[in-house]
Amino acid sequence: MGSAEQTSKRQYVNFTFYKVDPAWRRLPEDERSRGKQEFNRVVDEYAGKVMVIPYTLVGIRGDADIMLWRISYELELFQEMGTKLLSTGLGKYLSTPYSYLAMTKRSIYVDHHVHEGQESKRLTIVPGKSKYIFVYPFVKTREWFLLTKAARQGMMDEHIEVGHRFPSVKLNTTYSFGLDDQEWVVAFETDKPEDFLDLVMALRETEGSRYTLRDTPIFTCIHKSLKEVLDTLGG
């Protein structure tokens, strides 16, 4: 996924949340172990074609247990991988309460705001090594899009300036227009949840927040290896 040709292309981005059926935890230990190993092998099979960053939500959110952040240059690979994952011994006990699809796109608001860790001009996602990620779909009101570009730029300047006050929080913005129900999916990586909380509070006070229609559900996820993530399911 790192050739010069690919880095000039836009990426597909998917956040898939899985919930395990409690019946899976009552299976014999060896059956649960085989199911997790099968799941792991499917992910390994797509190495080099689909970047997968795994997270757990067990004990944090009730309607989702794990999340796979997937990045690829081919949309079809998400479908192929998803089919194989659900065919594993573990996958047979998984439901998908949420799944968000988006693409990378150069922001039109960042010409004067190049800042490491915040909005950028890149078309490729470069996941960091942060322990936590906060993910949510984002929808603006129609009134926002009817404003002049200058009016929107002024409000985004304020928005970006607030973000720069929290350099420990890295923002990944992806675009869903026409691909999914929301307009954007935003993913904030950080090692300091308290900084993200303060950032969101500060953003509520900006002028642009008047035009937010929906920014829920919000998912707090903890990054671990895939094996560790699957082990948080129990067994």
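A pocket, as the word is used here, is an open set of grid points with protein on both sides within 12 Å along at least five of seven lines, and its lining residues are those that have an atom within 4 Å of a point. In this predicted model, the largest pocket is lined by 30 residues, and those lying nearest its centre are Phe138, Lys140, Met156, His159 and Trp184. The briefing below begins with the whole protein, then turns to this pocket and to helix H5, and ends with three buried residues.

**The protein as a whole**

- The secondary structure of the protein comes to 7 helices and 9 strands, and the C-alpha trace spans about 60 × 40 × 30 Å along its principal axes.
- The radius of gyration of the protein is 19 Å, which agrees with the value near 18 Å that a compact globule of 235 residues would have.
- Of the 235 residues of the protein, 48% count as buried.
- When contacts between residues at least 6 apart in sequence are considered, 79% of them join residues that are at least 24 apart.

**The largest pocket**

- About 560 Å³ of space lies in the largest pocket, and the elements that each give two or more residues to its lining are strand S5 (132-140), H4, H5, strand S6 (170-175), strand S7 (184-190) and H6.
- H5 gives the most to this lining, with 4 residues.
- Sorted by class, the lining of the largest pocket has 16 nonpolar residues, together with 7 polar and 7 charged ones.

**Helix H5**

- Helix H5 runs over residues 149-164, which makes 16 residues, and it reaches 22 Å from its first C-alpha to its last, close to the 22 Å expected at 1.5 Å a residue.
- The residues Arg152, Gln153, Met155, Met156, Ile160, Val162 and Gly163 of H5 are buried, and what covers the buried residues of this helix includes helix H4 (142-146) and helix H6 (193-204).
- Met156 therefore appears in two parts of this picture, since it is one of the buried residues of H5 and is also among the residues nearest the centre of the largest pocket, where a pocket is an open set of points.

**Three buried residues**

- Cys221, which is found in strand S9 (residues 219-223), counts as buried because its relative accessibility is 0%, and buried means under 20%.
- Leaving aside residues up to four places away in sequence, Cys221 touches Phe17, Tyr55, Thr56, Leu57, Met67, Lys131, Tyr132 and Ile133, while its C-alpha atom is separated by 14 Å from that of Arg70, which is 151 residues away along the chain.
- Tyr18 lies in strand S1 (residues 12-20) and counts as buried because its relative accessibility is 3%.
- With residues up to four places away in sequence again left out, the residues that Tyr18 touches include Phe39, Ala64, Asp65, Ile66 and Pro97, and its C-alpha atom is separated by 8.7 Å from that of Ser99, 81 residues away along the chain.
- Ala64 is found in the loop between strand S2 (50-56) and strand S3 (66-72), and it counts as buried because its relative accessibility is 0%.
- Ala64 touches Phe17, Tyr18, Lys19, Leu57 and Pro97, not counting residues up to four places away in sequence, and the C-alpha atoms of Ala64 and Phe17 are 6.0 Å apart in space although the two residues are 47 apart in sequence.

How values were computed
Residues numbered from 1 in each chain as written. Predicted model: local features only at pLDDT ≥ 70, side-chain atom pairs only at ≥ 80, totals over all residues. Heavy atoms only, no water. Expected span 1.5 Å × (residues − 1). Buried < 20%, exposed > 50% of the residue type's maximum accessible area, 1.4 Å probe, protein only. Contact = heavy atoms within 4.5 Å. 1 Å grid on protein atoms, 1.4 Å probe; cavity = no way out; pocket = protein on both sides within 12 Å on 5 of 7 lines; lining within 4 Å. Points joined across faces, edges and corners; volume = space filled by probe spheres on them. Nonpolar A, V, L, I, M, F, W, Y, C, P; charged D, E, K, R; others polar. Rg over C-alpha atoms; globule rule 2.2 N^0.38 Å.
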